[in-house]
Amino acid sequence: MKVITSVPEWKALRPKLPASLGLIPTMGFLHEGHLALVRRARAENEAAVAWIFVNPKQFGQGEDFTTYPRDIERDLHLLEGERVDYVLAPTVEGVYGPGFQTYVNVEELSKPLEGVTRPGHFRGVATVVAKMFCLTQPRRAYFGQKDAQQCAVVKRMTEDLGLLLEVVVCPTVREPDGLAMSSRNVYLQPGEREAATVLYRALQGVAQAFRAGERRTENLRQLLLATVASEPLGTVDYAAVTDPETFAAIERLGARGLALLAVKFGKTRLIDNIELTP
Ligand SMILES: Nc1ncnc2c1ncn2[C@@H]1O[C@H](COP(=O)(O)OP(=O)(O)OP(=O)(O)O)[C@@H](O)[C@H]1O
Ligand SMILES: [Mg+2]
């Protein structure tokens, strides 16, 4: 496994690598969710490159950029165990050099849900992902369904800019009790960790109601809210039931839908979602 932190060094290397490169973009502090993406990338491509970069441009004022969990040594050990070929772990200066001023904005998909609570977040995400795609020129890039709106933003950008790669969305990997794996789960205090299972319980309840025939989004949303309200340590940031493609608020769902939650436990904000299928 070759670890590269210098962007110029990577640029010199990339032309020598296979066209079929699988990219796994991460902010590090890896868990089984990331490793599932890594395994898929390895299986489907000639070589796999993991990107580790805590991207300052996707954190808002007062968010946790400086305290975001980091452990590069542990991450490299895990990636080595998965037989990843390349790790690209650039510095902030390497990605955003002096005079940097080019941004990518996926206009409509960036607005609702995460976009309301985290203005500018998806502009930061789209910008770094665009840069990463240009630098690595992957055949496929692997993202997790846990960040459903991010997946939609990245897919839209890839299509709109005519990029020659496939965006692969992988299922959410969960702890045995249903909590979606997330690097930020380490912030949870013991009581909060137990309480956090309420997200998946609430989402499953809505999926069940959908299967039983409920299509009115407001009823489904109230069901989400009622379940989360049963857990006093959680404060809802948003609860939404939307069209799975546009994330638009609609009154009635068609054949499919998406239920999404963002809930805060103390200082820790968790997100999760479930696809609604008959
Ligand atoms: N539980 C999971 N299952 C599958 N993919 C995941 C999971 N958690 C994160 N991912 C995916 O891994 C990629 C990198 O995500 P990131 O490094 O932000 O990790 P994270 O766990 O989401 O951290 P945080 O919650 O702190 O943002 C993203 O595509 C994300 O969707
Ligand atoms: Mg994340």
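## Exercises: a pocket and a ligand

Helix α7 (residues 148-160) supplies six residues to the lining of the second largest pocket, the most of any contributor. Keep in mind that this is a predicted model.

**Exercise 1. Describe the second largest pocket: its volume, its lining and the classes of its residues.**

Step 1. Start with the space itself: the second largest pocket holds about 300 Å³.

Step 2. Now look at the walls. There are 15 lining residues, and Ala148, Ala152, Lys155, Pro244 and Glu245 are the ones nearest the centre of the second largest pocket.

Step 3. Sort that lining by class, and you get eight nonpolar residues, six charged ones and one polar one.

**Exercise 2. Find which residues come nearest to ligand 1, and sort its shell by class.**

Step 1. Ligand 1 has 20 residues around it, and the nearest are His31, Tyr68, Lys146, Asp147 and Ser182.

Step 2. Split the shell around ligand 1 by class: nine residues are polar, eight are nonpolar and three are charged.

**Exercise 3. Track down polar contacts of ligand 1, then work out how much of the ligand is buried and which elements surround it.**

Step 1. Begin with a side chain. An N or O atom in the side chain of Tyr68 sits 2.7 Å from an oxygen atom of ligand 1. With a cut-off of 3.5 Å for a pair of N or O atoms, that pair counts as a polar contact.

Step 2. Move on to the backbone. Val173 has a backbone N or O atom 2.8 Å from a nitrogen atom of ligand 1, while a polar backbone atom of Met181 is 2.9 Å from a nitrogen atom of the ligand.

Step 3. Next, check the cover. On its own, ligand 1 would expose 590 Å², and the protein buries 94% of that.

Step 4. Finally, pick out the elements. Those giving two or more residues to the shell around ligand 1 are β2 (21-26), α2 (32-44) and β5 (140-144). The top contributor is α2, with three residues.

**Exercise 4. Say how confident the predictor is in this chain.**

Step 1. Take the whole protein chain: the average pLDDT is 98, and 100% of the residues score at least 70.

Step 2. Go element by element. Helix α8 (residues 190-195) has the lowest mean pLDDT, 97, and β5 has the highest, 99.

Conventions. Residues are numbered from 1 along each chain as its sequence is written. Chains are lettered from A and ligands numbered from 1 in the order in which they are written. This is a predicted model: local features need pLDDT of at least 70, side-chain atom pairs count only at pLDDT 80 or more; totals for chains, interfaces and linings use all residues. Side-chain values use heavy atoms; hydrogens and water are left out. A residue is near a molecule or strand if one of its heavy atoms lies within 4 Å of it. A polar contact is a pair of N or O atoms within 3.5 Å; within protein, one must be able to donate a hydrogen and the other to accept it, and residues adjacent in sequence count only if both atoms are side-chain atoms. Accessible areas come from the Shrake-Rupley method with a 1.4 Å probe; for residues, only the protein chains shown count as cover. Helices (H or I, at least four residues) and strands (E, at least two) are DSSP runs, numbered from the N terminus. Ala, Val, Leu, Ile, Met, Phe, Trp, Tyr, Cys and Pro count as nonpolar, Asp, Glu, Lys and Arg as charged, and the others, Gly among them, as polar. On a 1 Å grid over the protein atoms alone, a cavity is a set of points where a 1.4 Å probe fits but cannot get out, and a pocket is an open set with protein on both sides within 12 Å along at least five of seven lines; lining residues have an atom within 4 Å of a point. Grid points are joined across faces, edges and corners, and a volume is the space filled by probe spheres set on the points. pLDDT is the predictor's confidence in each residue, from 0 to 100.
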